[in-house]
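Trainee: I would like a close look at a single part of this model, the sheet and the residues that go with it. Please take it strand by strand.

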Amino acid sequence: MSTLPAYRWRLAPDGLATRRQLRALGLRPGGQDVAAQVERPRRRRGPLVAFLYRIDLARPVRPMTPARRAALAKANRARRICPSCGRDAGYVIPAHLGVCNPCT
């Protein structure tokens, strides 16, 4: 197993980006392997690590189709329904509660 090149925070070379940075550019990793990692030091804990991907190998984000949009809307609607009372809470119910605020 080969080790990944590690760079300090904000010192990664040009041509590499995190998933979030790729998404902001309208790109996705597209199946490529992680090229490097960037580490942000923290006090009293281990460093935060973010994986970097090559921008030149990234692919465009797939367009949102009507079927995918409908599936996402259905999933988000299901997250708003309280399993206890069955009402639409008007917000996404927190997973740590599991029920709407009136039912807690």
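In which sense do strand 4 and strand 5 pair, and over how many bridges?

Mentor: Strand 4 and strand 5 (residues 45–54) pair in the antiparallel sense, over 6 bridges. The model is predicted, so local features need pLDDT of at least 70 and side-chain atom pairs pLDDT 80 or more, while totals for chains, interfaces and linings use all residues. Numbering starts from 1 along each chain as its sequence is written, and side-chain values use heavy atoms, without hydrogens or water.

Strands here are DSSP runs of E with at least two residues, helices are runs of H or I with at least four, and both are numbered from the N terminus. Two strands count as paired if DSSP finds at least two bridges between them.

Within the pairing of strand 4 and strand 5, R40 faces L48 of strand 5. The two strands form a hairpin with 2 residues between them, where R44 takes a positive phi near 65°. R44 belongs to the loop between strand 4 and strand 5, and its phi is noted as positive in a residue other than glycine. Most residues other than glycine have a negative phi. R44 also counts as exposed, at 84% relative accessibility (exposed is over 50% relative accessible area, buried under 20%, partly exposed in between, with a 1.4 Å probe and protein chains only).

Strand 4 (residues 36–42) has another partner, strand 1 (residues 6–8), and these two pair in the parallel sense over 3 bridges. Here A6 stands opposite Q37 in strand 4. Taken as a whole, the sheet is open and has 4 strands in the order 1-4-5-2, with mixed pairing. Strand 1 and strand 2 (16–17) are its edge strands, each of which pairs on one side only.

The loop between strand 1 and strand 2 holds R10, another residue other than glycine with a positive phi, in this case near 70°. The relative accessible area of R10 is 75%, so R10 is exposed. Both loop arginines are therefore exposed, R10 at 75% and R44 at 84%.

Next come the nonpolar residues. The largest nonpolar core has 5 residues, namely A17, L22, L27, Y53 and A58; a core is a set of buried Ala, Val, Leu, Ile, Met, Phe, Trp, Tyr and Cys residues joined through side-chain atoms within 4.5 Å. A17 lies in strand 2, an edge strand that spans 16–17, and Y53 lies in strand 5, which spans residues 45–54. Two sheet strands thus supply residues to this core.

L27, another core member, has contacts (heavy atoms within 4.5 Å) with L22, I55, A58, R59, P60 and V61, leaving aside neighbours within four places in sequence. L22 and A58 belong to the core as well.

V61 can be followed from the other side. V61 touches R23, G26, L27 and R28, not counting residues up to four places away in sequence. V61 sits in the loop between strand 6 (59–60) and helix 2 (66–80). Its relative accessible area is 27%, so V61 is partly exposed. From V61 to L97 there are 36 residues in sequence and 34 Å in space, C-alpha to C-alpha.
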